[in-house]
Amino acid sequence: MKIAIAGAGAMGSRFGVKLQQAGNAVTLIDNWAAHVQAIQANGLVVTKDGHDTVVPMTAALPQDVHSTFDLVILFTKAMQMDHMLQELKAQLSNQPAVLVLANGIGNVETIERYVPQQNIVAGTTVWSSSLTGPGHITVTGTGSISLQAIAPDQFHDLDRIVDTLNGAGLKASPAPDVLAAIWKKAGLNSVLNTYCTLFDCNIAEFGALPNWRELTAGVLEEFQAVAAAANVAFDAQADTDLIAAQFAPDKNGDHYPSMHQDMANRRPTEIDFLNGYVAQLGQKLRVPAPNNALLTQLIHSQEALHGIA
């Protein structure tokens with residue numbers, strides 16, 4: 001399959017490597033020029049268990065991509081999604097399948113402005129990866145993918161996409177309720193990303209805190225109340241169990257979440273599409289979410305202290 005990875009940072013690059021090694025023709029697309037240039041010149045460096053492997057890959061800035069694709073996988077950050085889709089209008093002209101695996105709530109609505117609903121597949125993943133530097137990622141642990149077509153009755157290629165992902169060892173499976181899956185992943189991210197950023201710790205260190213369950217409950221109980229008001233299925237206990245499963249080193253315990261990486265590298269975070277989204281939706285639906293609102297402001301305060309615009 002001919003695949004574009006749009007938003008080829010840490011996660012996009014990891015997926016790109018695995019898909020290319022499975023025999024697919026993969027193009028990494030990203031707006032970070034230094035990252036793209038490093039991959040073009042030297043290949044992508046992948047560090048795993050302390051060992052480096054160099055993987056030659058095709059990489060390009062969006063404006064330099066002139067091919068079309070069978071599948072476009074979007075890992076672009078939520079606040080950059082609209083801009084990326086504008087830049088890829090020509091590549092979307094042949095109506096490829098578009099799979100969004102980016103973090104946050106609200107991505108599908110953004111994509112629908114550029115892609116027919118019947119071509120969109122939404123999913124979540126608990127694979128992890130860190131961007132060590134331009135052209136260099138560090139990977140830890142394993143993961144899985146849950147996905148579903150937005151218009152299931154009109155999309156007939158889901159089995160092919162699942163088979164392609166599984167052929168690359170990405171452990172993909174169809175989800176019965178993709179909106180619930182997106183909220184479940186957003187709940188996980190709103191705990192692990194946010195607290196690990198505020199506490200400057202990795203996932204295992206957060207899990208070692210004696211009060212991690214109380215901190216988690218403060219976020220997820222509000223998620224559940226807002227989700228219920230929005231007619232979205234959400235189970236705070238199931239999300240807590242999923243979070244606890246990430247603490248082991250062979251899962252994602254050694255991983256620093258993407259928000260922590262963004263803050264450390266002085267990049268804007270996705271807080272407004274995680275805790276902030278739920279706080280705002282709660283306000284609209286008259287369901288208080290003070291913990292999520294406070295966490296959003298704490299992250300924005302940290303951004304301001306670091307001079308992040």
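Helices here are DSSP runs of H or I with at least four residues, strands are E runs with at least two, and both are numbered from the N terminus. The model is predicted: local features need pLDDT of at least 70, side-chain atom pairs count only at pLDDT 80 or more, and totals for chains, interfaces and linings use all residues. Residues are numbered from 1 along each chain as its sequence is written, and side-chain values use heavy atoms, with hydrogens and water left out.

**Exercise 1. Positive phi outside glycine**

Task: Place D49 and N231 in the fold, and state whether each is buried or exposed.

Solution.
- Step 1. Start with D49. Its phi is near 55°, a positive value in a residue other than glycine.
- Step 2. Locate D49: the loop between β3 (44-48) and β4 (51-55) holds this residue.
- Step 3. Apply the accessibility classes. Buried means under 20% relative accessible area, exposed over 50%, and partly exposed in between (1.4 Å probe, protein chains only). D49 has 68% relative accessibility, so it counts as exposed.
- Step 4. Repeat for N231. Phi is positive here too, about 60°, although N231 is not a glycine.
- Step 5. N231 sits in the loop between α8 (212-229) and α9 (236-244). At 72% relative accessibility, N231 is exposed.

**Exercise 2. Salt bridges around K77**

Task: Find which acidic residues pair with K77, and say where the partners lie.

Solution.
- Step 1. Recall the principle. Side chains of opposite charge can pair when their charged atoms come close.
- Step 2. Set the rule: a salt bridge is a side-chain nitrogen of Lys or Arg within 4 Å of a carboxyl oxygen of Asp or Glu. The count by this rule is five salt bridges.
- Step 3. Take D262. K77 bridges to D262, with the closest N and O atoms 3.0 Å apart. K77 is in the loop between β6 (71-74) and α3 (81-87), while D262 is in helix α10 (residues 258-264). This pair links distant parts of the chain, 185 residues apart. Both K77 and D262 are buried.
- Step 4. Take E270. K77 also forms a salt bridge with E270, and the closest N and O atoms are 3.9 Å apart. E270 lies in the loop between α10 and α11 (275-285) and K77 in the loop between β6 and α3, so the pair ties together parts 193 residues apart in sequence. E270 is buried, at 4% relative accessibility.

**Exercise 3. A pair with accessible partners**

Task: Describe the salt bridge between D82 and R113, then name the residues joined by shared partners into one network.

Solution.
- Step 1. In the D82–R113 salt bridge, the closest N and O atoms are 2.9 Å apart.
- Step 2. D82 is in helix α3, and R113 is in the loop between α4 (107-111) and β8 (120-125). The two are 31 residues apart, and the pair links distant parts of the chain.
- Step 3. D82 counts as partly exposed at 22% relative accessibility. R113 is exposed, with a relative accessible area of 55%.
- Step 4. Salt bridges that share partners join K77, D262, R267 and E270 into one network.

**Exercise 4. Two helix pairs**

Task: Work out how α6 packs on α12, and how α8 packs on α9.

Solution.
- Step 1. Know the descriptors. Two packed helices are described by the angle between their axes and the distance between the axes. Axes are lines fitted to C-alpha atoms, for helices over the stretch in contact, and angles run from 0 to 180 degrees between N-to-C directions.
- Step 2. Helix α6 (residues 178-199) packs on helix α12 (residues 290-305) at about 45°, with axes 11 Å apart. α6 is therefore oblique to α12. Angles under 35 degrees count as roughly parallel, over 145 as roughly antiparallel, 65 to 115 as roughly perpendicular and the rest as oblique.
- Step 3. For α8 and α9, the angle is about 140° and the axes are 9 Å apart. That makes α8 oblique to α9.
- Step 4. List the touching residues, where contact means heavy atoms within 4.5 Å. The α8 side gives W212, R213, T216, L220 and Q224, and the α9 side gives A236, D239, T240, I243 and A244.

**Exercise 5. The surroundings of H255**

Task: State where H255 lies and which residues it is in contact with.

Solution.
- Step 1. H255 is in the loop between α9 and α10.
- Step 2. H255 has a relative accessible area of 9%, so it is buried.
- Step 3. Leave aside neighbours within four places in sequence. H255 is then in contact with S128, S129, S130, T140, N202, I203 and Q261.
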